[in-house]
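Let's take a walk through a protein together, going from the whole fold down to single residues. Have a look at the picture first, and then we will go step by step.

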Amino acid sequence: MKSVSKVFWITISIVLAATIYAIVAPSSFEQSTENIQGFISTSFGWYYLILVTIMVIFCFILAITPIGQIRLGKPDERPEYSTGSWFAMLFSAGMGIGLVFWGASEPLLHYAASPPLAEAGSDQALKDSMQYTFFHWGLHAWAIYAVVALSLAYFKFRKGEPGLISATLIPLFGEKMRGGLGTLVDVLAVFATVVGVATTLGFGAIQINGGLNYLFGLEIDFWVQTVIIAVVTVLFMISAWTGISKGIRYLSNTNMILAIALLVIMLIIGPTMLILNLFTNSLGSYAQNLLEMSFRIAPLDVGNRDWINGWTIFYWAWWISWSPFVGIFIARVSRGRTIREFMAGVLLLPSIVSFLWFSVFGASSINVQRMGTDLTGLDPEQLLFAVFNEYQLGALLSVIAIVLISTFFITSADSATFVLGMQTTYGSLTPSNSVKLTWGLAQSTVAVILLSTNGLQALQNALIIAAFPFSFIMILMMISTYKSLNQERKDLGLMITPKKKQTKPDSK
């Protein structure tokens with residue numbers, strides 16, 4: 001593979017070393033990563049809250065100012081993909097499988113098991129459960145992705161730089177970003193992507209196994225999960241071989257059709273009025289309390305602080321660790337769109353869809369809990385299927401859900417192989433199939449090995465650890481992007497305030 005960069009070999013070596021450590025000393029690996037992850041969450045929670053809120057503000061500033069008119073491409077370029085396909089691809093890569101995994105379980109847990117503020121099972125806990133779920137999956141999450149995606153798309157398609165994280169920092173550091181410092185930045189981004197996708201592969205296999213167990217009694221077993229990963233690996237490699245315009249686009253469109261079908265059926269057969277009322281009320285509560293939630297750190301309440309560390313800080317770190325992968329992919333499919341259009345599609349629309357999704361499945365699971373069936377003792381991977389079991393057409397919904405999880409699973413892995421290939425071939429938009437397949441096998445192998453040693457928790461901790469240094473890179477990306485965009489705004493004559501008309505003096 002002559003076309004690969006140093007980033008490929010360095011990252012492969014780091015991934016191999018971490019995997020060997022996890023195999024040889026799984027307890028030590030998990031304990032050490034857990035200690036570091038705990039230290040970051042406890043000592044830098046305030047930092048994550050402030051940083052991610054700044055990202056939301058940054059995105060809105062770019063969208064509403066004249067900078068929003070600048071196109072992510074040459075002035076005469078138009079979008080490469082239709083709006084429907086574009087949204088389907090960015091949504092599938094960014095949130096897809098996570099929504100299915102947590103759609104029914106997170107609101108239920110906030111209501112009945114680990115409420116953020118109120119007493120478990122109370123009416124206030126019900127309201128808080130949806131409000132905080134919206135908070136974790138809404139504007140803040142997508143702003144993290146948007147910052148990375150916008151920066152990459154702008155420098156790649158507007159400025160002609162390589163499609164690398166390091167290239168976005170050239171306005172700040174100049175040619176240093178083409179040397180060792182740039183390699184370090186790109187290695188960190190690729191490592192975060194590998195760890196994040198391997199974790200997702202592991203959790204996806206566990207949920208598919210959980211669904212098959214609940215429906216057909218198939219044993220929850222490592223070997224079953226290995227077979228699931230093997231089958232999915234073959235499928236996403238076939239898709240990766242065909243490229244974005246065919247494989248990923250077709251899969252993403254299929255994902256959206258299945259997701260809409262599942263959503264609509266559940267809306268009709270579930271507690272429809274509760275869903276609609278809860279969606280409306282929660283949307284208002286989210287908008288009203290967004291600022292307070294954004295900075296809530298509970299400095300004097302240990303219990304509330306532990307909840308914030310375990311949920312909000314964890315999510316912010318999780319989204320940051322996924323941002324190199326999702327951001328690069330969103331950038332790749334967003335060529336030709338204006339910044340204002342980009343922000344509407346990446347920030348607002350996915351948030352609304354996520355809110356609707358959690359309202360439908362969260363309200364349905366909470367309704368089952370309130371009717372007397374205790375769901376809190378179930379694992380998250382089985383909870384969704386247990387909810388379906390309490391409604392009509394439950395078997396049909398479960399089958400659709402398993403297919404949807406599988407297609408989201410394939411799409412995420414497929415997107416990741418492209419991103420990893422792009423990042424390790426000097427930013428090429430068409431990485432060779434051999435590089436993509438190498439990364440595909442590497443991801444699946446890591447997932448299987450860590451499943452065999454019960455190392456997914458340790459890998460999840462490693463993901464959070466990798467997010468911390470990358471967060472500083474994101475700060476630099478925002479500064480660099482704004483510096484370049486603002487200069488271009490001036491060059492193009494895009495004014496923030498209109499020029500005052502000069503009036504002629506009265507002639508007397």
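Start with how the chain meets itself. Among contacts between residues at least 6 apart in sequence, 82% join residues at least 24 apart. Keep in mind as you read that this is a predicted model.

What is the protein built from? It has 19 helices and 0 strands. Its radius of gyration is 23 Å, close to the 23 Å that the globule rule gives for 508 residues, so the protein is as compact as a globular protein of that length. If you draw a box around the C-alpha atoms along the principal axes, the box comes to roughly 90 × 65 × 45 Å. Of the 508 residues, 60% are buried.

Now let's go inside and visit one residue, His 136. You will find His 136 in helix H7, which covers residues 123-137. Is His 136 buried or exposed? His 136 counts as buried because its relative accessibility is 0%, and the cut-off for buried is under 20%. Who are its partners? The side chain of His 136 makes a polar contact with the side chain of Glu 106, at 3.0 Å. Leaving aside neighbours within four places in sequence, His 136 is also in contact with other residues, among them His 110, Ala 141, Thr 312 and Tyr 315. The list of contacts includes Trp 307, Trp 311, Trp 316 and Trp 319 as well.

A second residue to visit is Gly 202, which sits in helix H10 (residues 180-216). Gly 202 is buried too, with a relative accessible area of 0%. Try finding Ala 113 from there: Gly 202 and Ala 113 are 89 residues apart along the chain, and their C-alpha atoms are separated by 25 Å.

Finally, let's look for gaps. Rolling a probe the size of a water molecule over the atoms shows where empty space is left. How many cavities of 30 Å³ or more does the structure hold? There are 2 of them, and the largest cavity has a volume of about 40 Å³. Its lining is made up of Leu 152, Lys 156, Phe 157, Gly 163, Ile 328, Ala 331, Arg 332 and Met 422. Sorted by character, the lining residues of the largest cavity are 5 nonpolar, 1 polar and 2 charged. Helix H8 (139-158) and helix H14 (302-333) each supply at least two residues of that lining, so you can trace both helices to find the spot.

Methods:
Residues are numbered from 1 along each chain as its sequence is written. This is a predicted model: local features need pLDDT of at least 70, side-chain atom pairs count only at pLDDT 80 or more; totals for chains, interfaces and linings use all residues. Side-chain values use heavy atoms; hydrogens and water are left out. Helices (H or I, at least four residues) and strands (E, at least two) are DSSP runs, numbered from the N terminus. Buried means under 20% relative accessible area, exposed over 50%, partly exposed in between (1.4 Å probe, protein chains only). A polar contact is a pair of N or O atoms within 3.5 Å; within protein, one must be able to donate a hydrogen and the other to accept it, and residues adjacent in sequence count only if both atoms are side-chain atoms. Contact means heavy atoms within 4.5 Å. On a 1 Å grid over the protein atoms alone, a cavity is a set of points where a 1.4 Å probe fits but cannot get out, and a pocket is an open set with protein on both sides within 12 Å along at least five of seven lines; lining residues have an atom within 4 Å of a point. Grid points are joined across faces, edges and corners, and a volume is the space filled by probe spheres set on the points. Ala, Val, Leu, Ile, Met, Phe, Trp, Tyr, Cys and Pro count as nonpolar, Asp, Glu, Lys and Arg as charged, and the others, Gly among them, as polar. The radius of gyration is taken over C-alpha atoms; the globule rule is 2.2 Å times the number of residues to the power 0.38.
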